[in-house]
Amino acid sequence: MRITILFGGSNRERLVSVASAQALHQALPEADLWWWDVEDKVHVVQSKQLLEHARPFEDEFKPGTSGIPLEQALDRAKAEGRVLVLGLHGGRAENGELQLMCEARGVPFTGSGSASSHLAFDKIAAKHFAALGGVTPPENIALDKIDEAFAEYGRLIAKPARDGSSYGLIFVNARQDLVAVRNAAQHEDYVIEPYVAGVEATCGVLERADGSIVALPPIEIIPGEGSFDYAAKYLLKSTQEICPGRFAPEITAALKEQAMLAHRAMSCTGYSRSDFIVSDKGLVYLETNTLPGLTKSSLYPKALKAEGIAFVDFLRGLVELAGRGVRK
């Protein structure tokens with residue numbers, strides 16, 4: 001099968017996608033490169049174009065070539081026997097829509113299938129299923145109850161229900177912040193929760209080609225300026241990501257166990273990464289990413305390295321799973 005790295009997308013996480021694609025292509029230099037643009041067209045990209053794009057987290061990638069509609073590109077992928085390595089994040093790339101388009105055509109791709117992708121991408125549904133699977137999420141607060149909740153908890157956090165965790169975070173520390181939440185909720189659905197104090201942590205899960213599933217070493221995150229948003233993840237040098245995290249052995253074990261529970265609760269395939277808060281009352285589940293970042297600075301590759309798994313071996317395992325048509 002011909003390996004093709006599909007990157008870009010029509011949402012705002014396309015910048016991160018370019019950085020992921022650079023890392024993917026360096027590990028899989030034989031792979032073809034397809035760029036999905038904001039107008040839903042796919043462009044064939046040359047290696048030099050991708051690797052010489054110097055500031056992927058800040059500058060738009062412009063291939064300078066004519067493209068074909070996404071549907072036509074997927075038809076071509078099927079006809080040419082391609083397996084798609086998804087160097088994509090967020091939006092229709094991660095909410096199950098692209099995955100369903102591939103499944104309908106019989107195009108193999110890396111990562112979770114359409115149903116589990118859709119479930120994990122919806123933070124409200126994901127929290128519900130994670131809870132059913134044995135993981136502890138924070139309470140959901142209805143928009144019309146935020147005044148009472150703020151009075152009860154003193155601090156809240158609000159975030160888009162269906163978007164990457166790097167965007168749209170609102171910390172409610174004062175009454176005027178409630179206005180910002182109401183205004184944001186006019187344009188998209190928001191998840192509102194009590195603010196949970198503690199250490200931010202994330203834990204990856206990997207499904208191997210032999211069918212075994214393992215949890216990777218958890219990572220301790222210390223944001224450079226208070227919250228782990230886009231700038232803290234990709235632009236601030238002061239953010240610390242410590243892998244393995246400096247957790248007590250029982251906390252490390254619990255993080256691994258709960259990441260596995262979340263992975264299984266949402267029937268993920270291939271790999272996933274779940275985020276938590278390590279609070280003084282125990283672990284609190286935040287969300288599961290079915291297409292976590294794979295840039296050189298991303299969390300999942302750091303966990304792979306700590307586990308002693310080469311990035312190229314990880315990718316070839318995903319390609320093998322995809323080629324078998326493994327879907328749950």
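**Backbone oddities and a buried glutamine**

Asp40 is partly exposed, with 21% relative accessible area, and that value sits just past the 20% below which a residue counts as buried. Keep in mind that this is a predicted model. Asp40 belongs to the loop that links strand S2 (32-36) to strand S3 (41-45). Its backbone is worth a look too: phi of Asp40 is near 65 degrees, a positive value in a residue that isn't glycine.

Asp40 has company further along the chain. Ser267, also not a glycine, has a positive phi of about 55 degrees. Ser267 is in a loop as well, this one running between H11 and strand S13 (271-279). With a relative accessibility of 32%, Ser267 is classed as partly exposed.

Now step to the other side of H11. The loop between strand S12 (240-242) and helix H11 (249-265) holds Pro244. The peptide bond joining Cys243 to Pro244 is cis, and its omega comes out at about -5 degrees.

That leaves the helix itself. Gln258 is part of helix H11. Is Gln258 buried or exposed? Gln258 counts as buried because its relative accessibility is 13%, and the cut-off for buried is under 20%. So what does Gln258 touch, leaving aside residues up to four places away in sequence? Its contacts are Val135, Thr136, Phe276 and Leu283. For another reference point, try Ala215: Gln258 and Ala215 are 43 residues apart along the chain, and their C-alpha atoms are separated by 9.4 Å.

Notes. Residues numbered from 1 in each chain as written. Predicted model: local features only at pLDDT ≥ 70, side-chain atom pairs only at ≥ 80, totals over all residues. Heavy atoms only, no water. Helix = DSSP H or I, 4+ residues; strand = E, 2+ residues; numbered from the N terminus. Buried < 20%, exposed > 50% of the residue type's maximum accessible area, 1.4 Å probe, protein only. Contact = heavy atoms within 4.5 Å.
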